[in-house]
Amino acid sequence: MFLEYFKYLCTRYTSIRMGKDLLKPNYIFESSWEVCNKVGGIYTVLSTRAKTLQEEMKDRIIFIGPDFWKEEESPYFKEDKSLFAEWQWEAKEQGLNLRVGRWTVPGEPIAVLVDFQPYFEQKNEIYGWLWENYQVDSLHAYGDYDEASMFSYAAGLVVESYYNHYLNKNQRVIYHANEWMCGLGALYINAHLPQIGTIFTTHATSIGRSIAGNQKPLYDYLFAYNGDQMAGELNMQSKHSIEKQTAMHVDCFTTVSDITAKECVELLDKPVDVVLPNGFDGDFVPKGAVFTRKRKAARKRLLEVANALLGEQLDDDTLIVSTSGRYEFRNKGIDVFVEAMNRLLRDRDLKKKVVAFIEVPGWVGEPRKDLQERLASGQSFTTPLDVPQVTHWLHNMSHDNVLSMMKYYDMHNHQDDNVKVIFLPCYLDGKDGIVNMTYYDIVLGNDLCVYPSYYEPWGYTPLEAVAFKVPCITTDLAGFGLWANSEFGGRYGEIEDGVKVIHRTDYNYSEVADAIKDTVAKFSNMSQKEVDACRKKADALSKKALWSEFIKFYHEAYDIALHKAEGRG
């Protein structure tokens, strides 16, 4: 199986048929749990890619997501009852509860939100059909499996209804399902509308993420793991089963990086057909004077929060460092980030004060009223607040991983500490009660971003950082880190390149922490001219990861799927 993977790698970049026309879809339906539902990195993948596809397809790209909002107003969706009005009426007659409108992201593509709750009544029949036709094991389902499956089934019905109303075999149609949550819909389309080409993208294998999250060594033993066996051991049978069977039966199976492609071979027993790296849309980044103004505003706000919490007067010369992403303590490298900041406290090469923010959403209770009062007063303070490590109270203060690790290392942000670590445990949506600025308005205020991931199929956070001209530190266990190294000619990136890529293994945690510490200290010694050059190189690298550069891999996936669909007659 591994030989198949290497054969794939050898032909990957030459497989895009040079000088030969690719089959192009007339319509694309793309489903995801994160369409108009901002909960994770896939939202960023789809929402930033939407503009590029919308420009190509001109309202013939239709995204399908879950309708959580019902009659409430969604911040990500604008309903338009005139869009496909006749079909909307017909779909409702068929029992489909859906809303049609625009996804409020650049490009404003058409989105259909569907209510999946009614299908819970048919759950047993649906799972029975899945088993009989595709041997998907739903017996061990728990948690979000049922919810995701009912949405995915509803998404399949939406496509079937739209296709029967507007389309026919003369149109080339693609159905693109993202993650195991949308696998059922892809299998439904595969069975009921074989003339549609199906694509399935796993952004991370459920078993790979689970192995890493359960403190098991993933990479050194990847060749020895049996995906089905591990699914039983980790109580992941149903998620693994739908993911594996979808990969086996769709026309084109894809993932987001070479590192995850290896996982697919070993854990799903299926090599991918195409790697679809995650790009970025440059329209999210402000230009010129607006960028400068926003960067100043971000730095001012972050330092105001730090000063009010710590009772200090940290000035603009302070090095602002951050890590962010999903709260996966080990997988995202949050543990090694705290370790590195603790070691940096005693590093004699550090030439500036550092305030390091950990921006990951925890189990938030409420914003701290004492901190809000200090911020509102506009005054300066010389004494810290109690627990000067956190901006929001948590429901699990005594059991939170970040706070527990800081307590273990006696990291209490003492006045004489040159490195202060602040946990910002909320979504930066502009309404958190403390910072009150969105993530994209805050990230550009950093001097340096650190993402020392252990498990990271791609790595949107480092890509976003460099897109906002912020140099970053990542690892070669992140798809983005491997891609960056390839752009540097196969060598490991250094901070002077805009991205420092650290070699990480199952067992070199301490070396990674030291490498982060040394890089931050080194950065603190750089002249303004050197920093400006570093920021310029980060920006230049990000330009190579725009969707305009990466969309060609999607065209290859569409071509593969359409050829197979046409082969079925």
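## The nonpolar cores

In this predicted model, the largest nonpolar core holds 84 residues, and W103 and V499 are the ones with the most contacts inside it. Helix α20, residues 547-567, gives the most to this core: ten residues. Apart from it lies another core, made of 58 residues, including I64, V112, Y188 and V272.

Let's visit W103. Which residues does W103 contact, once neighbours within four places in sequence are left aside? They are E34, V35, C36, Y43, L46, S47, F63, Y76, E108, P109 and A111.

## A look at S47

One of those partners, S47, sits in helix α2, which covers residues 41-57. Is S47 buried or exposed? Its relative accessibility is 3%, so S47 counts as buried, the cut-off being under 20%.

Not counting residues up to four places away in sequence, S47 touches W103, V105 and P106. Within helix α2, a polar atom of the S47 side chain lies 2.7 Å from the backbone oxygen of Y43. You can also compare sequence with space: S47 and L276 are 229 residues apart in sequence, and their C-alpha atoms are 15 Å apart.

## Two helices that pack

Two packed helices are described by the angle between their axes and the distance between the axes. Try this with helix α4 (residues 123-134) and helix α5 (residues 145-166): the angle is about 80° and the axes are 11 Å apart. That angle makes α4 roughly perpendicular to α5.

Which residues make the contact? From α4 come K123, I126, Y127 and L130, while α5 brings Y145, D146, S149, M150 and Y153. Sorted by type, the residues of this contact are six nonpolar, one polar and two charged.

Conventions: Residues are numbered from 1 along each chain as its sequence is written. This is a predicted model: local features need pLDDT of at least 70, side-chain atom pairs count only at pLDDT 80 or more; totals for chains, interfaces and linings use all residues. Side-chain values use heavy atoms; hydrogens and water are left out. A nonpolar core is a set of buried Ala, Val, Leu, Ile, Met, Phe, Trp, Tyr and Cys residues joined through side-chain atoms within 4.5 Å. Buried means under 20% relative accessible area, exposed over 50%, partly exposed in between (1.4 Å probe, protein chains only). Helices (H or I, at least four residues) and strands (E, at least two) are DSSP runs, numbered from the N terminus. Contact means heavy atoms within 4.5 Å. Axes are lines fitted to C-alpha atoms, for helices over the stretch in contact, and angles run from 0 to 180 degrees between N-to-C directions. Angles under 35 degrees count as roughly parallel, over 145 as roughly antiparallel, 65 to 115 as roughly perpendicular and the rest as oblique. Ala, Val, Leu, Ile, Met, Phe, Trp, Tyr, Cys and Pro count as nonpolar, Asp, Glu, Lys and Arg as charged, and the others, Gly among them, as polar. A polar contact is a pair of N or O atoms within 3.5 Å; within protein, one must be able to donate a hydrogen and the other to accept it, and residues adjacent in sequence count only if both atoms are side-chain atoms.
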